[in-house]
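Q: I am new to this structure and would like a close look at a single part of it. Please take me through one strand and its surroundings, slowly and with the terms explained.

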Amino acid sequence: MVSRNKIVESIKNEVEIEKYVINLSSKHQRAIETKDLTISYNGKKNALNKTNLAFETNKITSLIGASGSGKSTFLRSLNLIHGENTLIGGQILYHGVNINDPSIDKFEVRRRIGMVFQRPNPFAKSIYNNITFALTQRAKYTKNQLDEIVESSLKQAALWDQVKDELNKSALSLSGGQQQRLVIARALALKPDILLLDEPASALDPKSTMQVEETMVNLKKDYTIIVVTHNMQQAARVSDYTAFFHMGNVIEYDLTRKIFTRPKVKLTSDYVAGNFG
Amino acid sequence: MRRLFDEELADLDNQFIEMGKMVARTVDKAVVSFMAHDVDTAQEINNRDHEINDREAAIEKKVFEIIALYQPVTIELREVITILKSVGTLERMGDYARNIAQSTIRVKNRNKNDIRINSVERQISEMGSATTHAVDKVLEAYVADDATEGIKAAEAADKISESVIQIRKTVLEAMKNNADTIDSGADYLVVAGYINRIADQATDIAEWIVYKRTGKIVELNPGSSTFI
């Protein structure tokens, strides 16, 4: 029990803070971490200011914030997707290696850190070939090996049971939710350890959204997931951690249950409650 | 994402039932130890009251998180609200059990010349076991999600306030006749009052069970909540 004096004391000493970032202790394994990550386009104002975020392994972290807050910019930078004239300063530490470095093999990074976009973007190929395409570009596999990878990826993405009898059908004939899960399976086939999802359910109906969310929760035992979402309830339902971005800064990063019940920064509280501006 | 929410809700439900059993056991022990003048048990109840309070706080915290994270609606909302409303009631039942335990301790340490009234102690004992029974019944109704059983439990609880009137009469009579019964008589009156409140609170929980099942807010035993 907290003593009465302590409560009074803590209410008195309460000050409004402007920023809060949870400090992952050493017992939390870090899948990826940024140090002073700063991004600007065409030498204009920074799209992202000195961002220090560490992501716990085998957890789902949601990145929330208004359009233009820097969350998608941040997510893409982890996958090293950025256009020309983009300046990226600071470090992105992945297994202790700074991957924000010209000497790094971007394709290898993208294999290990998979990305799924807002609109499902399967190739105009069969379901089977969607999954094997990237693999066969880079190495030789036997038919058996490919069959195995296709099956296990589709199972992990919770799509196997629905498509196992029609793997040669065009991926474009699938429903939106199925296409999105196929794209997730495609990323999984490359055996990544981090999955980045950029609004993976915003183009889907409620039922497909639920399926994708369920898939995400099932995947976190094997992968670390970082997801950008505009849907506050989605962040609340699926993620362990939530980071709130505002005008290129991380305002608050904490356990999701804390962000949604007692955030430390007023701006976060306003955004999450929908009282913005 | 129903599945994760279902797990959370099932966990909350279990925590509530566990706490309910803990309170029911404590109430039973408090009444039995009062009758047996068992100061050790009473002391234990007094010392362990904070465990019940801690459970209440944990359940409340969980409810707030569930509402904030999952925004439950319809039957799920009613389930969460039923637990939120009932958990405070359970905690207060625990407080009354603790108060009875404190009376037990006081009675034992009293002046040797004070006189006990056996017939009243017997009546309180009966009232106590009827109340424990009503509390058990209401928890069973909660577990079975059975509003009809809940209403039956409330009816049983209502009968308890009738015996309190009888106890009051007997105690006042004894006090008038013999001043040496005043000290113990005062304790009989408050203990009967505490037991009566516990029975009323069982009724409150029964009302929330009806709400959970039907969505209707009802009053099952109107006018029965006088202290003594």
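Which residues lie on each side of strand 8 of chain A, and are they buried or exposed?

A: This is a predicted model, in which local features need pLDDT of at least 70 and side-chain atom pairs count only at pLDDT 80 or more, while totals for chains, interfaces and linings use all residues. Residues are numbered from 1 along each chain as its sequence is written, and chains are lettered from A and ligands numbered from 1 in the order in which they are written.

Strand 8 of chain A spans residues 113-116, a strand being a DSSP run of E with at least two residues and a helix a run of H or I with at least four, both numbered from the N terminus. In a regular strand the side chains alternate between the two faces of the sheet. Here Ile113(A) and Met115(A) lie on one side, Gly114(A) and Val116(A) lie on the other, and all four are buried, which means that 20 or more other C-beta atoms, placed from the backbone, lie within 10 Å of a residue's own.

Strand 8 of chain A pairs in the parallel sense with strand 9 of chain A, residues 194-198, over four bridges, where pairing requires that DSSP finds at least two bridges. Within this pair, Val116(A) stands opposite Leu197(A).

Looking beyond the strand, ten residues of chain B are in contact with twelve of chain A, contact being C-beta atoms, placed from the backbone, within 7 Å. On the chain B side, helix 1 (2-36) and helix 2 (39-70) each give two or more residues, and helix 2 of chain B has the largest share, six residues.

How values were computed. Buried ≥ 20, exposed ≤ 12 C-beta atoms within 10 Å, placed from the backbone. Contact = placed C-beta atoms within 7 Å.
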